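Hi,

Here is the structure I promised to pass on. Have a look at it first, and my notes follow underneath.

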Amino acid sequence: MTHEDYERRMDRAGRAAADAGLAGLIVTPGPDLVWLCGYRPPAATERLTALVIEPGRRSRLLVPVLEYPDAERSPGAPVLEVSGWTDGSEPYAEVAKWVDPKGRYGVSDGTWALHLLGLQRSLPGTAYTALTESLPMLRAVKDAHEVARLAAAGAAADATYEEILRVRFGGRRECDVAADLARLLTEHGHSQVDFTVVGSGPNGADPHHEAGERVIEEGDMVVLDFGGLKDGYGSDTSRTVHVGPPGAEERKVHDIVREAQQAAFEAVRPGVACQDVDRVARKIIKAAGYGEYFIHRTGHGIGVTTHEPPYLVEGEHLPLVPGMCFSIEPGIYLPGRFGVRIEDIVTCTESGGRRLNGTAREMAVVR
């Protein structure tokens, strides 16, 4: 990524803000800041860091003066006006010099209440809206460079899955297998492991189960859901395995989820509403008699975070656009018994969907 890349992103963000009726954007530390200008502060603290983007103007970055050298070295700095503020001064008053005192601004979702309230005190005539509400598609459409990074992260997660199939499950705790997943993700190039769900037996009926002390037993279904960041972009994949030979209903439920996941993937093409992909998966699971046990959306976007727009869920009318990247992960969760989830990251292309995960979706039998 060059400073020209970041300049294009900030220019596009400014134009998108204007199209949404905003005076501009005020972005504080988090994924939006990194994506827009490449600056990742040493830590998010009570000291204000803020990127101000307004259409037609050079973007400005305000940082604590003790972090000014880091900001100047950031990849987007050559196209920014970087300013520092010192302890004992009023940083919100500095931002007030840059913005429309009666403007409406988009702010990053993770902006601390401390900072938003400070801006409101210094700029009582301004109004604010969260970026997810005002510009939900700001990061949703990826360029070829971003898709390539997501594909590399997906390949690393695939390699992790292939290796985890060779470890012993039976007689070990969920947290032991989760530790194996984290280690393998790191070995395959992940700088950050965000989650390692290992839901065995009845725990698999909890989609976001935290791997715990339960000992995995012969005859358990085990839901594996894991991912994180590699080179700044996310991975997220799920497969469901069985310890020893599975029973008839376990195979049946797994086949239903696999069919739903495949059908949803085949529904991906430009112009299709996000909710329609969800409907395709849900229709199959409902027709099989398990509709009430599919208890979450079919998918979520992924990029510099593992969850971001677009969301494949009922009520989301936004059409798919080439470059969007998202999960497709239907599931069935039978309380007190077991769960099944199958998940791939998919990108929308001009001709349909392309999977960024390539491991087998058939049920694997482990020992």
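How many helices and strands are there in the protein? There are 10 helices and 18 strands, where helices (H or I, at least four residues) and strands (E, at least two) are DSSP runs numbered from the N terminus. With a radius of gyration of 23 Å, close to the 21 Å that the globule rule gives for 367 residues, the protein is as compact as a globular protein of that length. (That radius is taken over C-alpha atoms, and the rule is 2.2 Å times the number of residues to the power 0.38.) The C-alpha trace spans about 70 × 40 × 35 Å along its principal axes.

Two notes on the source: this is a predicted model, in which local features need pLDDT of at least 70 and side-chain atom pairs count only at pLDDT 80 or more, while totals for chains, interfaces and linings use all residues. Residues are numbered from 1 along each chain as its sequence is written, and side-chain values use heavy atoms, with hydrogens and water left out.

Now the inside. Buried residues make up 54% of the 367; buried is under 20% relative accessible area, exposed over 50%, and partly exposed in between (1.4 Å probe, protein chains only). The largest nonpolar core has 32 residues, and Met 10, Leu 25, Leu 36, Leu 51 and Leu 61 touch the most other members. (A nonpolar core is a set of buried Ala, Val, Leu, Ile, Met, Phe, Trp, Tyr and Cys residues joined through side-chain atoms within 4.5 Å.) Among the elements giving two or more residues to this core are helix H1 (3-19), helix H2 (31-37) and helix H7 (144-164). A second, separate core of 30 residues includes Val 253, Ile 256, Ile 285 and Met 324.

Leaving aside residues up to four places away in sequence, Leu 36 touches Tyr 6, Arg 9, Met 10, Ala 13, Val 27, Leu 51 and Ile 53; contact means heavy atoms within 4.5 Å. Thr 160, in helix H7, counts as buried because its relative accessibility is 0%.

What about empty space? The largest pocket holds about 410 Å³. Its lining has 23 residues, with Gly 30, Pro 31, Val 34, Trp 35 and Arg 40 nearest the centre. H2 gives the largest share of that lining, four residues. By type, the lining divides into 14 nonpolar, five polar and four charged residues. (Ala, Val, Leu, Ile, Met, Phe, Trp, Tyr, Cys and Pro count as nonpolar, Asp, Glu, Lys and Arg as charged, and the others, Gly among them, as polar.)

There is also one cavity of 30 Å³ or more, lined by Val 52, Ile 53, Glu 54, Arg 57, Arg 58, Arg 60 and Trp 98. On a 1 Å grid over the protein atoms alone, a cavity is a set of points where a 1.4 Å probe fits but cannot get out, and a pocket is an open set with protein on both sides within 12 Å along at least five of seven lines; lining residues have an atom within 4 Å of a point. Grid points are joined across faces, edges and corners, and a volume is the space filled by probe spheres set on the points.

Last, the backbone. A cis peptide bond joins Pro 309 and Pro 310, with omega about 5 degrees, and Pro 310 is in strand E12 (residues 308-312). Asp 231 has a positive phi, near 50 degrees, and sits in the loop between strand E8 (221-230) and strand E9 (233-234).

Cheers
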